[in-house]
Amino acid sequence: MRATVVAFAAGIALSGWGAPVASASPTTVTPPEMPDAEGVAFKDNPSIVDQRPMPIESWSRVGSDRAVAVHFTTGTPACNGVHATVRETADAVTIDLSGGSLPRSAGRMCIMLAVTGTLVVPLKSPLGDRQVLSAA
């Protein structure tokens, strides 16, 4: 009986049955609104190298209704940067956040220290009651 169970489990593992399936379309996540969240201020930098998707952990409203602050975990701002692109619809603001290395830090040694970062992302239209989504 035990040999049958082991053989069955091995067959499932080899077949990939029950394994998560990658989606062909990008997924979005609804990060929580955290009004009092703070972090090290980052400026949008489209020239970062080795860009990779970064999840937005939370977001908050800023003084203007035409911007939101997104909060994330990254490396120190001496070596790391972020870049955000925004898609706005009548119902949602979807922010695609990428992290990477600053061009000046290429080939340099950087400390591996995690920091909570904040980036203010401008919007074309007032946020109003639209949902804020992370594209990561």
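Before I turn to the structure, let me fix one term: a residue is called buried when its relative accessible area is under 20%, exposed when that value is over 50%, and partly exposed in between. With that in hand, please keep in mind throughout that what we are looking at is a predicted model.

I would like to begin with the disulfide, since the term applies there directly. The structure holds one disulfide, formed by Cys-79 and Cys-110, whose sulfur atoms lie 2.0 Å apart. The torsion about their S-S bond is about -90°, and the disulfide is therefore left-handed. Cys-79 belongs to the loop between β4 (67-74) and β5 (80-88), while Cys-110 belongs to the loop between β6 (92-101) and β7, so that the pair ties together parts that are 31 residues apart in sequence. How do the two cysteines fare in terms of burial, Cys-79 on the one hand and Cys-110 on the other? Cys-79 has a relative accessibility of 6% and so counts as buried, whereas Cys-110, at 30%, falls in the range that counts as partly exposed.

Stepping back to the overall arrangement, the protein contains one helix and eight strands, and along the sequence the helix comes before the strands, in the pattern α-β-β-β-β-β-β-β-β. Of its 136 residues, 34% count as buried. If we take the contacts between residues at least 6 apart in sequence, 79% of them join residues at least 24 apart.

Now to one sheet in particular, an open one of four strands, in the order β1-β7-β4-β3 and with mixed pairing. β1 (40-42) and β3 (58-61) stand at its edges, and because each has a single partner strand, one side of each is left without a neighbour in the sheet. Neighbouring strands here are turned against each other by 30° on average, with direction ignored. At the β1 edge, the pairing with β7 (residues 115-122) is parallel and runs over three bridges, and within this pairing Val-40 stands opposite Gly-117 of β7.

That brings me, finally, to the nonpolar core. The largest one has 18 residues, and those that touch the most other members are Val-68, Val-70, Phe-72, Ile-95, Leu-97 and Leu-119. Strands β4, β5, β6 and β7 each supply at least two residues of this core. Leu-119 is worth following in the viewer: setting aside its neighbours within four places in sequence, Leu-119 is in contact with residues including Phe-42, Val-68, Val-70, Phe-72, Val-82 and Leu-97, and also with Lys-43 and Asp-44.

Notes. Residues numbered from 1 in each chain as written. Predicted model: local features only at pLDDT ≥ 70, side-chain atom pairs only at ≥ 80, totals over all residues. Heavy atoms only, no water. Pairing = 2+ DSSP bridges. Axes fitted to C-alpha atoms, helices over the stretch in contact; angles between N-to-C directions. Disulfide = S-S within 2.5 Å. Buried < 20%, exposed > 50% of the residue type's maximum accessible area, 1.4 Å probe, protein only. Core = buried A, V, L, I, M, F, W, Y, C linked by side-chain atoms within 4.5 Å. Contact = heavy atoms within 4.5 Å.
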